[in-house]
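Got your viewer open? Load the file, switch to cartoon, and let's walk through it one selection at a time.

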There are 2 protein chains.
Amino acid sequence: MRHSQLFIQTKKEIPKDAFNISHQYLVRGDFIEQTISGVYRFLPLGFKVHRKIEQIIREEMLNLGAQEVYLPVLQDKKLWLETNRWKTIDPPLFTFKDRHQKETALVPTDEEEMVDIVRKRVKSYQDLPFSLFQIQTKFRNETRATGGLLRLREFVMKDLYSFHHEKKDLVNFYSKVKNSYFQIFKKCGVPAICVEASSGTIGGELSHEFMVVSEIGEDKIFICKKCGFGANMEKVGEIKKCPKCKGILEKKNSIEVGHIFYLGTKYSKVMSANYRSKNGKLKPILMGCYGIGIPRLMATIVEVNHDGKGIIWPKEVAPFQIHLISLPSTKPERVDKVAGRLYRDLQKRGLEVLYDDRKDKSAGEKFADCDLIGIPLRLVVSENTLKQNCLEIKKRSEKKVKLVKINSINSYIRKDS
Amino acid sequence: MRHSQLFIQTKKEIPKDAFNISHQYLVRGDFIEQTISGVYRFLPLGFKVHRKIEQIIREEMLNLGAQEVYLPVLQDKKLWLETNRWKTIDPPLFTFKDRHQKETALVPTDEEEMVDIVRKRVKSYQDLPFSLFQIQTKFRNETRATGGLLRLREFVMKDLYSFHHEKKDLVNFYSKVKNSYFQIFKKCGVPAICVEASSGTIGGELSHEFMVVSEIGEDKIFICKKCGFGANMEKVGEIKKCPKCKGILEKKNSIEVGHIFYLGTKYSKVMSANYRSKNGKLKPILMGCYGIGIPRLMATIVEVNHDGKGIIWPKEVAPFQIHLISLPSTKPERVDKVAGRLYRDLQKRGLEVLYDDRKDKSAGEKFADCDLIGIPLRLVVSENTLKQNCLEIKKRSEKKVKLVKINSINSYIRKDS
């Protein structure tokens, strides 16, 4: 895409109330914009990143054999009364009445919906196991939504729910999801640690969180360097020694990027989601649920992939793969011609290119926008580089600049670069 | 996908309160399920169709040069007070208060949001034209939501907004969108007519609707066979003769599948979304908006593509391309082996195959599910067909059954079948 046609307006000023780097850079790069507290617009660049993260997650879910569904925002109060969560869930539901004075709520999590779908369809152990997931908007009536995309009142979430009859199969699936999550976070360029966690109002027998160590995280976790044990302080309280090996614990201020719950029969029991076992007995279905909030993951990617000038997107989630810049020149026709041809060639090869073709910007302004936006690879065409029949090539993550002959650029840039 | 692993439970009974064919078949085929009035779950098969329609629309929007964004559900009341639509929009907004007693609403349409985004970024005529779209959930506080997916209170909509400074450019873009819409409806297998329409609470200077003639549609349109004129009765009232050529009009009960609005300066004026023109004057931006509701389009596809046994999906939106069935047999191993190999071969070729490998179903039950679900191409492997080293091939839209040699099937089924 040509920058002159991209709907974007980068900002030099740090937005007031933006204390986190991810908040600052994502707003300054015009990826996102806040409307009301904890509610954000995703502008063209921001939505490109959002969709790439979605797609990474979707592929991992399909690899697990999960099937995608799409469940509604407006909730059936009856279901929430069955689990007694209408009044008790924390943060509380957004509730309201329609024009017929019928009460409804906005969905914060989908255990009730999923169990209702499943109990209507599962009869015997032969109908199990399976898993369902969706990528859909959730609403949380938070007291304080802060930190840009880190704590929102409205956000898109991937939530996966699994249904088994054999405990060992659920344990096995739960551990497969753990591996999937590590894959997802690795692809997103985020080093996540899995720790024991408190289950909150979702509940269940056991749960794990995926944590990214960061000063701006709201969670405190303990990690034992000796045996690898990790736990959220919310679960274990203020402890000094590892409960497993008595080793010394490190305390880290961390961001939770994923949470998985071994629910067991918590929801299936109260909502009568049963199956008939091999020997004819009615038994409650075993469940797990597994969530990743996409905007928070996006913010975390920025928190761990940036420098003093802007974002450094990992290539798997970058809005474009290549940022091509033509610099102002005394012979603009020649520079534009070469850059324009390069742009078309790279696009023909299926590469995603942002071409900064703007005429009214200085070299400095173009480089500043490029660093801020954070596309992995920068190509520069200028009068100077053309004197040597070259263009300049630089990775966003590196300082080193290289001159490359124009006619060798195609072999230089691999499709997967 | 193997049917034994697909999360689906088809139903023989017509759901009570389902008067439309699309409602009946989509529920019976377990594509969708209602929770509360006008609110539906999309189950695995249904969501596959939903996503295919989304993708057809997204591609056409990108062809128009539109850029994708993602805007929030929770609305900023201030913006709605600027246009005076907080209290006046019809159907009324779903409004409620958060835990801090701050009032918000669920998004029914995005003119306010879009104008706010644009007025913060556009300064001069040089920043125009451009267009933004999204595929996102909308909420309408309807009095009566009926007819399955035809009139919902919550649904995913594609909404496109265009911003121009030259009137002739907007007129030109408006007509390009018309062509895009015809492409979309054609790909979806829906014969749409474009007619003049009333602009309702969206407003603007002029609007057109895309109508599919159907007995179950809520709209009445007049069509002139002589000059091609068409209009919604809501706009022109009860007329007998064509206002253009005095020809005789036909009256048709129709479904609206798309609505486009030439808004002009209606929103930009009241919200001060201005640009500086070539001669330095501040002028309001010219706007258009263009919507397609995805579930209603999905229902309309079924209304015009079905027979007495079930749905006949056009291949572009079908949940799978091929429905492969192995029939019960006295030699099940041989049938399963051939069908299983065929399944893997077709999948390797990138074809989307639903393989009915169920052991506990009769031939009649399998054929009934197949006709109901409506996948374009059916392949049957049975003891009888194998006697001739054949399988049976049948298009869902045709009655004719053909026997084809197993080793020639790969050349028989083209990738685009």
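How many bridges join β21(B) to β22(B), and in which sense do the two strands run? Select both strands in chain B and look at how they lie: five bridges join them, and they run antiparallel. Keep in mind throughout that this is a predicted model.

**Stop one: the hairpin and its sheet**

Stay with that pair. The connection from β21(B) to β22(B) is a hairpin that passes through five residues. For a marker inside the pair, show B:Glu392, which sits opposite B:Leu403 in β22(B).

Now widen the selection to the whole sheet. It is open, has five strands with mixed pairing, and reads β19-β18-β20-β21-β22 in chain B. At the edges you'll find β19 (353-356) and β22 (401-405) of chain B, each of which pairs on one side only. Going from one strand to the next, the twist averages 25°.

Next, select β20(B), residues 377-381. Here you can see the mixed pairing at work:

- With β18(B), residues 322-326, β20(B) runs parallel, and five bridges join the two. B:Leu324 has B:Leu379 as its bridge partner in β20(B).
- With β21(B), residues 390-395, β20(B) pairs in the antiparallel sense over four bridges. Show B:Leu377 and you'll find B:Lys395 of β21(B) opposite.

If you turn side chains on, bear in mind that in a regular strand they alternate between the two faces of the sheet.

Before leaving β18(B), add a helix to the view. Select α9(B), residues 332-348, which packs on the sheet and touches β18, β19 and β20 of chain B. The direction of α9(B) makes about 165° with that of β18(B).

**Stop two: a mostly covered helix**

Is α8(B) mostly covered or mostly exposed? Select residues 294-304 of chain B: α8(B) is mostly covered, with 10 of its 11 residues buried. Among the buried ones are B:Ile294, B:Leu297, B:Met298 and B:Ile301, but the list also includes B:Arg296 and B:Glu303.

**Stop three: two helices in chain A**

Hop to chain A and select α1(A), residues 21-28, together with α8(A), residues 294-304. Two packed helices are described by the angle between their axes and the distance between the axes. Here the angle is about 105° and the axes are 8 Å apart, which makes α1(A) roughly perpendicular to α8(A).

To see the contact itself, show A:Ile21, A:Ser22, A:Tyr25 and A:Leu26 from α1(A); they meet A:Ala299, A:Val302 and A:Glu303 from α8(A). By class, that contact has five nonpolar residues, one polar and one charged.

**Stop four: where the chains meet**

Zoom out and color by chain. In the contact between them, 36 residues of chain B touch 37 residues of chain A. On the chain B side, the elements that give two or more residues are β2 (40-42), α2 (44-63), β3 (67-68) and β6 (130-139). That side divides into 20 nonpolar, eight polar and eight charged residues.

Which surface does each copy use? The copies meet through the same surface, because 100% of the interface residues of chain B are also interface residues in chain A.

**Last stop: the axis**

Try superposing chain B on chain A. A rotation of 180° with 0.0 Å of shift along its axis does the job, at an RMSD of 0.0 Å. That is the relation of a two-fold axis. To place the axis on screen, center on B:Phe96: its C-alpha is the one in chain B nearest the axis, 2.8 Å away.

Definitions and conventions:
Residues numbered from 1 in each chain as written. Chains lettered and ligands numbered in written order. Predicted model: local features only at pLDDT ≥ 70, side-chain atom pairs only at ≥ 80, totals over all residues. Least-squares fit on C-alpha atoms with pLDDT ≥ 70 in both. Contact = placed C-beta atoms within 7 Å. Buried ≥ 20, exposed ≤ 12 C-beta atoms within 10 Å, placed from the backbone. Nonpolar A, V, L, I, M, F, W, Y, C, P; charged D, E, K, R; others polar. Pairing = 2+ DSSP bridges. Axes fitted to C-alpha atoms, helices over the stretch in contact; angles between N-to-C directions. Parallel < 35°, antiparallel > 145°, perpendicular 65-115°, else oblique.
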